[in-house]
Amino acid sequence: MRRYERPVFSLIYRIVRDRALAEDLAQETFIKVLNGIGSYRPEFKFSSWIFKIANNVAIDQLRRRSLDTLSLDGSPMAETADRMGATALQIGTPGESPLDEVQARELGAAIEQAIARLRPEYRSCIMLRHVEGFSYEEIAETLELPLGTVKTYIHRARNELREYLAHVRQ
Amino acid sequence: MTNHLTTEELELWAEGLLPATRTMHLTECTLCRAEADRERTLFLSLSQLTRFAPTAGFADRVMKQVRIPTRSGEFQS
């Protein structure tokens, strides 16, 4: 479980953009995984199965709460400034020189903001492809989407990211 | 000079999947080379995104709610 704790939490956090909610949903994911371990089919990758459950839990939550237009500044459900700050994504880049760190933080923040502007299904595809290193086929299996749809989503997501990041890429 | 690389070809290049015949274009075109470098930066930045951690005690909180099957086929928390 430790192995998947951060990847699963990160995927959910980037989808729902609320730390407390993401933690509840990650908890729900692992409880479903562990209680339903008997239904796991070994012909599929175990990580695909876990991420499928995590993605479904997060997307279901978005559908229930209509959270698909979200802000890096914090959860749209936050009602106070403190709550906004508490729910904002924390971006850190330890181990770099001060200048590198500032630049990396700026780029990291810009990328997080750009990802936050993507449709949730694009966000999941981009995270699984670039952060988890899944193949297109594995993403299709995980998200239960046709392979062609996954390729289209990733291509469109990258196009949107290029557009959103144009100002920092000059 | 051969045709400029398309967006799709730049993505393939960044993923290491562009055929060598098209990759050769990058050696002769500074415009495409600059685009390719930007593409690689985007891919690199995405792969280095922070993996956020849940709060301490997360695993313990999960395990408290997991039902563990016993030998008799029943479940215990």
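Two residues are taken to be in contact here when their C-beta atoms, placed from the backbone, lie within 7 Å. Keep that in mind as we walk through this model, which is a predicted one.

Let's start with chain A on its own. Its secondary structure amounts to 8 helices and 0 strands, so the order of elements from the N terminus reads simply α-α-α-α-α-α-α-α. Chain A has 170 residues, and 31% of them count as buried. If you look at its contacts between residues at least 6 apart in sequence, 58% join residues at least 24 apart.

Helix α2 of chain A, covering residues 19-35, is a good one to pick out by eye. It has 17 residues and spans 24 Å from its first C-alpha to its last, close to the 24 Å expected at 1.5 Å a residue. Several of its residues are buried, among them A:Leu21, A:Ala22, A:Leu25, A:Phe30 and A:Val33. The buried set of α2(A) also includes A:Arg19, A:Gln27 and A:Thr29.

Two of those α2(A) names come back when we turn to the interior. The largest nonpolar core has 37 residues, and A:Ala22 and A:Leu25 are among those with the most contacts inside it, together with A:Ile12, A:Val16, A:Ala54 and A:Cys125. Helices α1, α2, α3 (46-65), α5, α6, α7 (136-143) and α8 of chain A each give two or more residues to this core. The biggest contribution is from α1(A), with 7 residues. There is also a second, separate core of 6 residues, which includes B:Leu5, B:Leu10, B:Trp13 and B:Cys32.

Now to the place where the chains meet. Chain A brings 27 residues to the contact and chain B brings 21 residues. On the side of chain A that touches chain B, at least two residues each are supplied by α1 (2-16), α2, α5 (98-117), α6 (120-131) and α8 (147-164). Sorted by class, that side of chain A has 15 nonpolar, 5 polar and 7 charged residues.

One helix pair across the two chains is worth a closer look. The axes of α6(A) and of helix α3 of chain B (residues 30-47) come within 8 Å and cross at roughly 90°. Because angles of 65 to 115 degrees count as roughly perpendicular, α6(A) and α3(B) are therefore roughly perpendicular to each other. On the α6(A) side the contact is made by A:Ile126, A:His130 and A:Val131, and on the α3(B) side by B:Phe43, B:Leu46 and B:Ser47. These residues divide into 4 nonpolar, 2 polar and no charged.

Note on methods. Residues are numbered from 1 along each chain as its sequence is written. Chains are lettered from A and ligands numbered from 1 in the order in which they are written. This is a predicted model: local features need pLDDT of at least 70, side-chain atom pairs count only at pLDDT 80 or more; totals for chains, interfaces and linings use all residues. Helices (H or I, at least four residues) and strands (E, at least two) are DSSP runs, numbered from the N terminus. The expected span of a helix is 1.5 Å times one less than its number of residues. A residue is buried if 20 or more other C-beta atoms lie within 10 Å of its own, exposed if 12 or fewer, and partly exposed in between; C-beta atoms are placed from the backbone. Ala, Val, Leu, Ile, Met, Phe, Trp, Tyr, Cys and Pro count as nonpolar, Asp, Glu, Lys and Arg as charged, and the others, Gly among them, as polar. Axes are lines fitted to C-alpha atoms, for helices over the stretch in contact, and angles run from 0 to 180 degrees between N-to-C directions. Angles under 35 degrees count as roughly parallel, over 145 as roughly antiparallel, 65 to 115 as roughly perpendicular and the rest as oblique. A nonpolar core is a set of buried Ala, Val, Leu, Ile, Met, Phe, Trp, Tyr and Cys residues joined through C-beta atoms within 7 Å.
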